[in-house]
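Biologist: I'd like to go through this model with you, from its empty spaces to a few single residues. Could you put it up on the screen?

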Amino acid sequence: MAIPAMAQWTSHPSFSSVGGIHPYDGGTLCVCPNAVFVSDSDGEITAITKTSGLSSAYVSAGGAGGRSFAVGYEDGSLDLFAAGRKRFIDDVTLGNPLSLRRIHCITFSNATMLVGGDFGVAFVDAARADVLSVCRFHSPVLGCALHQGRAYVSLGDSGVRSISLSSLNLQDPALWSDDVFPFPPDAAVYLGPRPQSVPSDAANSMSSADGTIVLASRYCTAISKKNVSYFENPDGVEFTAVFHNPYNPAHVFLGDESGTLYEYIDQRPKSAHRGKVSGMIISMDCTPEGDLFILSDNISNPVTVFDHNGNWHSASSFRSMNCASARQILYAADGVMLVNMGSQGIFAVDLMNTPLDFSDDIHNSFYPKNGSQKIGNTVTTMQLDGEGRLLIGTSKGIAYCSDSQSLMQAAPKIIQPVISEPMGSHDYYTNYVLGTKHITGIEVDAAGRKWISTMDAGVYLVSADFDEEVLHFTEKNSPLPSDTVYAINMVQKTGEIFFSTRNGLASYLSDVQAQSEDLSNVVVYPNPVRPGYGGSISISGLEDGSDVRITDVSGRLVYKCESMGGRVEWDCRNLNGRRCASGVYMIFVFNAESGHKIVKKLLIVN
């Protein structure tokens, strides 16, 4: 399966925490948990992430010497950067049989590089990117140094060992002598300039609206196409949930671990409601009337309502839920509010068209089953698609319910979709969609396709009716920082989907965005296409189902498609698969349903 160009990916690592500092080429190399950056003598900053050059997001060490620097990873691999070129060493341990391979330290002296880690210490020829020998100790090498013709390693509580570089048997630990060497202090502090970034690699909750995504953790950060900005944050607050007011995207609600609800307008505090919610705020959603339902970890009183007039209510109909593992609240449809209770399934409440009168509510609890068989042992996430289906992620795959009213029945009608995959020549086999995968998040794009994140298998994109796997991103075949993806969120206006992973945040610009109401804001980017550009051309601002045709100036057709949502991507290749020559091209857009049409020009310069 072909993976789209890396240009569609963006890494969003935190550069707030600098764990290693090394002089480099008149400036400073700074090592962060999932990326590195270089601050030169003029204050110019260059950030390097998995998207822009690193082989992995599992950064564990760095080192520099002269005009070269190296980045080490948890799996024992290493990138060596010199003279504008990157060379990759896939295993500095030379086949270490132990499972622990993490690199802890790197140091340079002329063309010799010393790399220490859980496996021991490796001697590397930096000029040739060649591992010369490896010495394995009984303790991890936590620090290393090259000084006056000798190699030094720090083995933690086991002390310091050293050996002459002229020794013929560097890999024999018995030849290393006890020694003392003044290693640099462990806790170095970098106070210089750093790239703009999110303050933390962790995100407790994500919410998006109007082209902007908001990340909540110990900080609250907004990311848009224009910039990264920060909410004013009360001291000592750990935000645990975030929710956009659907009727005013500038109005954001944030909940914290103490149960305080914060209101922000344009990222500035509006009010803080203390003492209204008991327990940590876990999740929020609202009814069509604008009444905010707040889920907390209080077993006896789990749901509190902040209505559209600013009044507070205790939702008594949720008290019988009595669940300590609740994780999400979701307004389904037709007055039905749902709570994901994890291993206890789903708690459904029919508000009976009176969202603030809980005396007439009807409730039901169930676990999604395929016949009599439970689907997984935990409900992990819930989401709605454009067809009104309730999508249910579990610890073993996906299920859905097409009728929100059936959720109030003793045994709701649950469907576990199947997908057909090629087996061989003209043979196919079917299995449940991601039936062995632990689902962590589901998002639905403007074309109805499902983006599904997993705990250990990366991210999948499946078709609207679950009958085809469109894409599968992993840390090995894409810039996804980790196969462990905790949550996802899609910015419908732009089609960018964000992944919160074990190794920080990354986003992917999909080929589908929310459709426009007309064709007055169609944008072609980049335009002109300059020499050396290898990415796709984006035509955005479309109505869904628009017919897009591209011709040269003589009227010869070079590309055609129908838009899914509000954008299409074109790889600059004609119908024969060849890259288009330099020249002016005409883009004709027509939508049969609305009758709207528009013509744009595009210049390609190879």
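Biologist: Which strands each supply at least two residues of the lining of the second largest pocket?

Modeller: One caveat before that: this is a predicted model, with residues numbered from 1 along each chain as its sequence is written, and local features need pLDDT of at least 70, side-chain atom pairs count only at pLDDT 80 or more, while totals for chains, interfaces and linings use all residues. Side-chain values use heavy atoms, with hydrogens and water left out. A pocket here is an open set of points on a 1 Å grid over the protein atoms alone, with protein on both sides within 12 Å along at least five of seven lines, and its lining residues have an atom within 4 Å of a point. Going by strands (DSSP runs of E, at least two residues, numbered from the N terminus), those that each supply at least two lining residues are β1 (9-12), β46 (496-501), β48 (523-525), β49 and β52.

Biologist: And which of them gives the most to that lining?

Modeller: The second largest pocket has a volume of about 1300 Å³, a volume being the space filled by probe spheres set on grid points joined across faces, edges and corners. Of its 40 lining residues, S224, K225, T494, E496 and L509 are the closest to the centre. The top contributor, with four residues, is β1.

Biologist: Now the largest pocket: how many charged residues are in its lining?

Modeller: This one holds about 1700 Å³ of space and is lined by 50 residues, with M206, Q328, Q383, E443 and N489 nearest its centre. Strands that each supply at least two lining residues include β18 (205-209), β22 (239-244) and β45 (485-491). For the classes, Ala, Val, Leu, Ile, Met, Phe, Trp, Tyr, Cys and Pro count as nonpolar, Asp, Glu, Lys and Arg as charged, and the others, Gly among them, as polar. The lining splits into 27 nonpolar and 18 polar residues, and the charged ones number five.

Biologist: What about closed spaces: what is the volume of the largest cavity?

Modeller: A cavity is a set of grid points where a 1.4 Å probe fits but cannot get out, and the structure holds three of 30 Å³ or more. The largest is lined by V198, P199, S200, D201, A202, A203, L215, S217, T221, S500 and L505. Its volume is about 80 Å³.

Biologist: Which elements give two or more residues to the lining of the second largest cavity?

Modeller: That cavity has a volume of about 60 Å³. Its lining includes S11, H12, N503, G504 and L505. The elements in question are β1 and β47 (504-509).

Biologist: On to packing. Which residues have the most contacts inside the largest nonpolar core?

Modeller: By nonpolar core I mean buried Ala, Val, Leu, Ile, Met, Phe, Trp, Tyr and Cys residues joined through side-chain atoms within 4.5 Å. Strands that each supply at least two of its residues include β50 (547-552), β53 (583-590) and β54 (597-604). The core has 21 residues, and those with the most contacts inside it are I539 and W570.

Biologist: H251 caught my eye. Which side chain does it join in a polar contact?

Modeller: H251 lies in strand β23 (residues 251-256). With a relative accessible area of 9% it is buried, since buried means under 20%, exposed over 50% and partly exposed in between (1.4 Å probe, protein chains only). Its contacts (heavy atoms within 4.5 Å) beyond four places in sequence are F243, H244, N245, E263, Y264 and I265. The polar contact (N or O atoms within 3.5 Å, one able to donate a hydrogen and the other to accept it, with residues adjacent in sequence counting only if both atoms are side-chain atoms) spans 2.7 Å, and the partner is E263.

Biologist: Is N245 buried or exposed?

Modeller: N245 sits in the loop between β22 and β23, and a polar atom of its side chain lies 2.9 Å from the backbone nitrogen of Y247. Beyond four places in sequence, N245 is in contact with H251 and F253. At 16% relative accessibility, N245 counts as buried.

Biologist: Any odd backbone? What is omega for the cis peptide bond joining N527 and P528?

Modeller: Most residues other than glycine have a negative phi, and most peptide bonds are trans. P528 lies in the loop between β48 and β49, as does P526. A cis bond joins Y525 and P526, with omega about -10°. For N527 and P528, omega is about 10°.
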